[in-house]
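Reader: I would like a close look at a single part of this model, namely its salt bridges, with attention to where the partners sit along the chain and how far each is shielded from solvent. Please take the pairs in turn and connect them as you go.

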Amino acid sequence: MQVIILEDEPLAGEKLQHFLERYDSAIQVAAILPSITATVEWLQEHPQPDLILSDIELLDGNIFSLYQQLSLRCPVIFCTSHDQFLLHAFETNGIAYLIKPFSFDKFRQAMDKYALLRRPLVSDELVRQVAEQLRHTHQPVYRERFTVRVKDGIILLAVEDIQYFYSEYSVTVAVDKQQQKHLLSETLDGVMELVDPDMFFRVNRGEIIRLDSIAAMTPYFGDRLSVRLKGITRQFVTSTSRTAAFRKWICR
């Protein structure tokens, strides 16, 4: 952790440095700067520190003019003899306002506040663990049945009974294991969003087939594949753009 001290009184600067060492010996005081000019020059040449301990009235002016020259992202603990700047301090980057002379206990409380604000609400490790658990435990819920309108009302068609889907003249049809055809209200795109992609694959623009219904595959023109389903005479041909993905799908 790196801190800079903005203080034009040498003894006050040394006291703040001593308090920092007493609070945490690992804290590094990068600079003690007595003026606005010196602070601007230092910040232009170095990365912004983690924290600034700052008096308000420095050798060449009021510290708030610094905010008009530079965009500071780091928090500030104000250490001053003036109490009239309290509101202004918290309108900038102020997180604590210590009135001189102040004790180490007051200083420690201000530093504890900084440490609390700096601490993430949830640790990165906890986020990683939760994400890993969700990745392994989250299982998408896929459609188990479709509703099909028939002459006498509505029936339920179980997905496990469907061998393939196809679209013809903008109408989507599901074909079951008994070769019965059922008209669906969903589009073929909609069907693919509802069914398990490990079980169904869209082999071309107009057909979706079921994995465990595949009986055989043979090479077809243009490096495509001709697929035959169990008990089905219909020929299913993979499109050129989907053939590579289909080969990977059947080998999972």
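Author: A residue is called buried here when its relative accessible area is under 20%, exposed when that area is over 50%, and partly exposed in between. With a relative accessible area of 5%, Asp-55 therefore counts as buried. The model is a predicted one, and the distances below should be read with that in mind.

Side chains of opposite charge can pair when their charged atoms come close. With a cut-off of 4 Å between a side-chain nitrogen of Lys or Arg and a carboxyl oxygen of Asp or Glu, the count comes to 10 salt bridges. One of them joins Asp-55 to Lys-100, with 3.3 Å between the closest N and O atoms. Because Asp-55 lies in the loop between β3 (51-54) and β4 (57-58), whereas Lys-100 lies in the loop between β7 (94-99) and α5 (104-118), this pair ties together parts that are 45 residues apart in sequence.

A second pair, Arg-108 with Asp-112, has its closest N and O atoms 3.6 Å apart. Here both partners belong to helix α5 and are separated by four residues, which is about one turn of the helix. Arg-108 is partly exposed, its relative accessible area being 31%, and Asp-112 is likewise partly exposed, with a value of 33%.

A third pair consists of Arg-143 and Glu-186, whose closest N and O atoms are 3.6 Å apart. This salt bridge links distant parts of the chain, since Arg-143 is found in the loop between α6 (124-137) and β8 while Glu-186 is found in the loop between β12 and α7 (188-194), 43 residues apart. The two partners fall into separate accessibility classes: Arg-143, at 32% relative accessible area, is partly exposed, whereas Glu-186, at 16%, is buried. Returning to Asp-55 and Lys-100, salt bridges that share partners join these two residues and Glu-7 into one network.

The strands that flank the loops of the third pair can be placed as well. Strand β8 (residues 145-150) pairs with β9 (residues 153-158) in the antiparallel sense over six bridges, and the two form a hairpin with two residues between them; within this pairing, Arg-145 stands opposite Ala-158. Strand β12, for its part, belongs to an open, antiparallel sheet of five strands in the order β12-β11-β10-β14-β13. Because β12 (181-184) and β13 (200-204) stand at the edges with a single partner strand each, one side of each is left without a neighbour in the sheet.

Methods:
Residues are numbered from 1 along each chain as its sequence is written. This is a predicted model: local features need pLDDT of at least 70, side-chain atom pairs count only at pLDDT 80 or more; totals for chains, interfaces and linings use all residues. Side-chain values use heavy atoms; hydrogens and water are left out. Two strands pair if DSSP finds at least two bridges between them. Buried means under 20% relative accessible area, exposed over 50%, partly exposed in between (1.4 Å probe, protein chains only).
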